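Trainee: Could you take me through a single part of this model in detail? I would like a close look at the largest pocket, and then at how the rest of the protein fits around that picture.

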Amino acid sequence: FVERASGGGILGNLVVDNAGTGIVLRDVDASEVWGNEVHRNGDGGIQAGIGGGTDGVVDVRVAANRVSANALNAAIALAGGGVLEAADNQVEAGGGPAIAVAAFADAVDGFVDRNTIGAPGSHGVRVAGVTSGRVAGNRITDAGGHGVLLDAAAGVLVSGNDIARVVFAGIRARGSRDLTARDNVVAESPDGGINLEADGAV
C-alpha cells in the first residue's frame, strides 16, 4: 500500500492470497508498478487510484506484471490524471475487467498497449473519460463482457488488437468522439465485431 508519494515504484514483488487488493496506490504521482506477480487476492489485483478525487493518481505506469485469479473488481485499475499507462502485462481470469483506465481530470492520456488478456470476468479493456489515448497491440480472448469498451472517451486510437470469443462486442464505444479503429482482428463476438455509438466524429 503506497499513499501520498511521488516517484519510485513497486517492483518485482510476489503478492498472493491476501484478503483484499494485492497492490494499492493512492494519491501518488510519477510512479511505476513493474514486474510483479499478483495472484489469488480477495479483491482486485493492482489498484492505482480509487475513483479519482484525492485518492487518484497522476502519471502512473503499470507494466510487465503477471496478474491472475483475483476475486473482485479489475485485475489492473488506474484512476486519476496525467498519463495513465498499462503495458506488457499478462492478465488471466479474475472477477472483473482485466484492465480499467478512468480519467478524473480535465486532460488525461490513457494508453493500454501490448497486454495479453485471457478469460476476465468482465471486459478485456475499459477506458473511460480520457481526452486522448491508445488501445493497441493487445490480445484479448474469452472476456466476459466486451473485448474493448470505450465510455465517454475522446481522441482514442484502437489499433492492432486481436480479439476473440468475447461475450458481447469485440470493440464497443458509448458516448465517445474522435475515435479511430483500424487494423484490428475480431472473431467470434456475438454482439458484433466493432460497434461504435459515437458522440461526434468517428
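Mentor: Happy to! Let's start with the pocket itself: in this predicted model, the largest pocket has a volume of about 220 Å³. Its lining is made of 16 residues, and the closest to its centre are Gln47, Ala74, Ala77, Leu78 and Ala100. If you want to trace the walls by element, look for β7 (46–48), β10 (76–87) and β12 (99–113), the elements that each give two or more residues to the lining. As for chemistry, the lining divides into 10 nonpolar residues, 5 polar and 1 charged.

Keep Leu78 in view, please, as we turn to the interior. The largest nonpolar core has 42 residues, and Leu78 and Leu150 are those with the most contacts inside it. Strand β12 supplies the largest share of this core, with 5 residues. So that you can find the surroundings of Leu150 on your screen, here is what it touches beyond four places in sequence: Val127, Val156, Val158, Arg172, Ala173, Arg174, Ser176 and Leu179.

Two further residues are worth a stop. His39 sits in strand β6, which covers residues 37–39. Its relative accessibility is 12%, and because buried means under 20%, His39 counts as buried. Setting aside residues up to four places away in sequence, His39 touches Val15, Val16 and Asp17, and also Arg66, Val67, Ser68 and Asn70.

Thr141 belongs to strand β16, residues 139–141. With a relative accessible area of 12%, Thr141 is buried. Beyond its neighbours within four places in sequence, Thr141 is in contact with Ile117, Gly118, Ala119 and Pro120, as well as Ala164 and Arg165.

Now let's step back to the whole protein. The secondary structure comes to 23 strands and 0 helices. The radius of gyration is 15 Å, close to the 17 Å that the globule rule gives for 202 residues, so the protein is as compact as a globular protein of that length. Along the principal axes, the C-alpha atoms fill a box of roughly 40 × 35 × 20 Å. Buried residues account for 49% of the 202 residues. Finally, consider contacts between residues at least 6 apart in sequence: 49% of them join residues at least 24 apart.

How values were computed
Residues numbered from 1 in each chain as written. Predicted model: local features only at pLDDT ≥ 70, side-chain atom pairs only at ≥ 80, totals over all residues. Heavy atoms only, no water. 1 Å grid on protein atoms, 1.4 Å probe; cavity = no way out; pocket = protein on both sides within 12 Å on 5 of 7 lines; lining within 4 Å. Points joined across faces, edges and corners; volume = space filled by probe spheres on them. Helix = DSSP H or I, 4+ residues; strand = E, 2+ residues; numbered from the N terminus. Nonpolar A, V, L, I, M, F, W, Y, C, P; charged D, E, K, R; others polar. Buried < 20%, exposed > 50% of the residue type's maximum accessible area, 1.4 Å probe, protein only. Contact = heavy atoms within 4.5 Å. Core = buried A, V, L, I, M, F, W, Y, C linked by side-chain atoms within 4.5 Å. Rg over C-alpha atoms; globule rule 2.2 N^0.38 Å.
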